[in-house]
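Visitor: I'd like a tour in which every label gets justified. Bring the model up, please.

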Amino acid sequence: MAVGVSFVILAPQIAWLAMLPIPFILGGTSSIQAQLATRYAAVRDQAGRISDRLTNNLSGIATIKSFTAEAYESDRVYQESEAYRRTNGRAIALSVAFQPLLRFFILLGFVLTLYLGGREVLRGRLSVGTYGFMVFIVQDLLWPFTELSELMDEYQRAMASLRRVMGLLDTPQAIAPGHQPFPFAIVKGAVQFDQITFAYNGRYPVLQDLSLQIPAGSTIGIVGATGSGKSTLVKLLLRFYEVQTGQILMDGIDIRDLDLGDLRRCIGWVSQDVFLFHGTIAENIRYGSFETGHEQVIHAAKLAEAHEFIAQFPQGYKTIVGERGQKLSGGQRQRLAIARAILKDPPILILDEATSAVDNETEAAIQKALQVIEKDRTTIAIAHRLSTIRHTDCIYVMEQGQFIESGTHEQLLAKNGTYAKLWWVQSGEVFSV
Ligand SMILES: Nc1ncnc2c1ncn2[C@@H]1O[C@H](COP(=O)(O)OP(=O)(O)OP(=O)(O)O)[C@@H](O)[C@H]1O
Ligand SMILES: [Mg+2]
């Protein structure tokens, strides 16, 4: 700024020449900046895709190996990396081309000042001293602009990352939490689904006009073909998704009005795909009920038929389960998850059983757990083996998002419908074993 002012005072006739490149520099900078922004955004997107692919591959490593798809996967990673190299190359090409361009304009200003200033000196209109000083300081006027390109490059790189982070932070929360407190102590556990319809994003409705009433303290069983919507139903109760029409009531209150944390605290959910955290068995059982003592952990494990296999490990409850519990069998994982839910001691318990994880012992665990823990709480048991839920108060048979039959085991057998057929098939299998 001071350089510019002194220039105008000393040699007004050529000061404009020295400043001539400045609008070009600023104009060029802003137009290239816009292009750089889109190119850097593309680079960040592509970097995101590579890390998605790698995460996917690492978690699916067993599948990749078993299908000997290593070459296929490494080719896919190669393709993504190539795409990254290309997009990055395009961004860098623009950014490196910009610097010489900038320097060219600066040099142009410099040369013009030198030439025209020199001519003015020859004509005697400018003193040699002023000219010398001018030539000296013109560098100070224009040279700082060279830093502009680097600054801008850094800025656009940082902005591209920032925009991604901000985009994530600005993502609207799909579930609006309610405000009505719902403390554990007052929960009775009556659940009612009232004519609900639900479809996952842009898909056909998974549940249609479905109603279900579960009195507080009762135990119901849900059976049905795979994909009929059983797990979806309980995920709606946990408010992982929002129903499109109808409402779900807990003790007569719409769950959308309830405090989300309170609602989830009163539900113990053993999900179909059990998730264990890296850590010890005890830590995993205690997950969510962090205050409980070791005795209670053992008690819960015994109820879930897990104590026996845990005791057989050399390190017992201190055994490390590995990432996602990979060092345990499917059934063992399932039983730890049941123990975890038992320890939580919730007014409402949901057991969503996966066919794959149901070995005989796990089924026994679920049955035993059901008998012991269904007392004084509402229990929803989703099962593939009908024997697991035959003693529940009411069994619902689900087909394509609707209940087609309901009643006790005996009532359903007497009806001789879908349930009865399933029962005969399954018990026939049992007999033939
Ligand atoms: N996150 C999701 N996004 C989109 N569609 C989904 C999602 N989860 C499930 N679905 C679809 O919803 C339908 C019902 O799925 P759901 O998991 O509720 O079935 P299910 O009755 O629990 O089956 P299973 O007995 O195999 O556990 C299926 O057709 C499935 O493809
Ligand atoms: Mg399911």
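Guide: Here's the yardstick to start with: a residue is buried if 20 or more other C-beta atoms lie within 10 Å of its own, exposed if 12 or fewer, and partly exposed in between, with C-beta atoms placed from the backbone. This is a predicted model, where local features need pLDDT of at least 70, side-chain atom pairs count only at pLDDT 80 or more, and totals for chains, interfaces and linings use all residues. Residues are numbered from 1 along each chain as its sequence is written, while chains are lettered from A and ligands numbered from 1 in the order in which they are written.

Visitor: Why is N416 called exposed?

Guide: N416 has 10 other C-beta atoms within 10 Å, so it counts as exposed. N416 sits in the loop between α16 (409-415) and α17 (418-432); helices (H or I, at least four residues) and strands (E, at least two) are DSSP runs, numbered from the N terminus. Its phi is positive, about 60°, although N416 is not a glycine.

Visitor: And what makes D251 partly exposed?

Guide: D251 has 17 other C-beta atoms within 10 Å, so it is partly exposed. D251 is another non-glycine with a positive phi, about 50°, and it is found in the loop between β4 (245-250) and β5 (253-254).

Visitor: How do you know that α5 spans what a helix should?

Guide: The expected span is 1.5 Å times one less than the number of residues. Helix α5 (residues 70-122) has 53 residues, so 78 Å is expected; its end C-alpha atoms are 77 Å apart, which agrees. After α5 comes G124, with a positive phi near 80°.

Visitor: How does α3 do on that test?

Guide: Helix α3 (residues 21-59), with 39 residues, should span 57 Å, and its ends lie 56 Å apart, C-alpha to C-alpha, so it agrees too. Its buried residues are P21, I25, I32, L36, Y40 and V43, and they pack against α5, α6 (128-142) and α7 (146-169). Residues are in contact if their C-beta atoms, placed from the backbone, lie within 7 Å.

Visitor: Which residues of α5 are buried?

Guide: Among them are A91, S95, F98, L102 and I106. R85 of α5, with 11 C-beta neighbours inside 10 Å, counts as exposed. R85 lies 9.7 Å from A47, C-alpha to C-alpha, though 38 residues separate them in sequence.

Visitor: What makes a set of residues a nonpolar core?

Guide: They must be buried Ala, Val, Leu, Ile, Met, Phe, Trp, Tyr and Cys residues, joined through C-beta atoms within 7 Å. The largest has 67 residues, with A300, A339, I342 and I350 making the most contacts inside it. Helix α13 (residues 330-344) gives the most to this core, seven residues. Apart from it lies another core, of 18 residues, among them A18, I25, I32 and L141.

Visitor: What surrounds ligand 1?

Guide: A residue is near a molecule or strand if its C-beta atom, placed from the backbone, lies within 6 Å of it. The shell of ligand 1 includes Y200, R203, V206, K230, S231, T232 and Q272. Helix α8 (residues 230-237) supplies the largest share, three residues.

Methods
Two residues are in contact if their C-beta atoms, placed from the backbone, lie within 7 Å.
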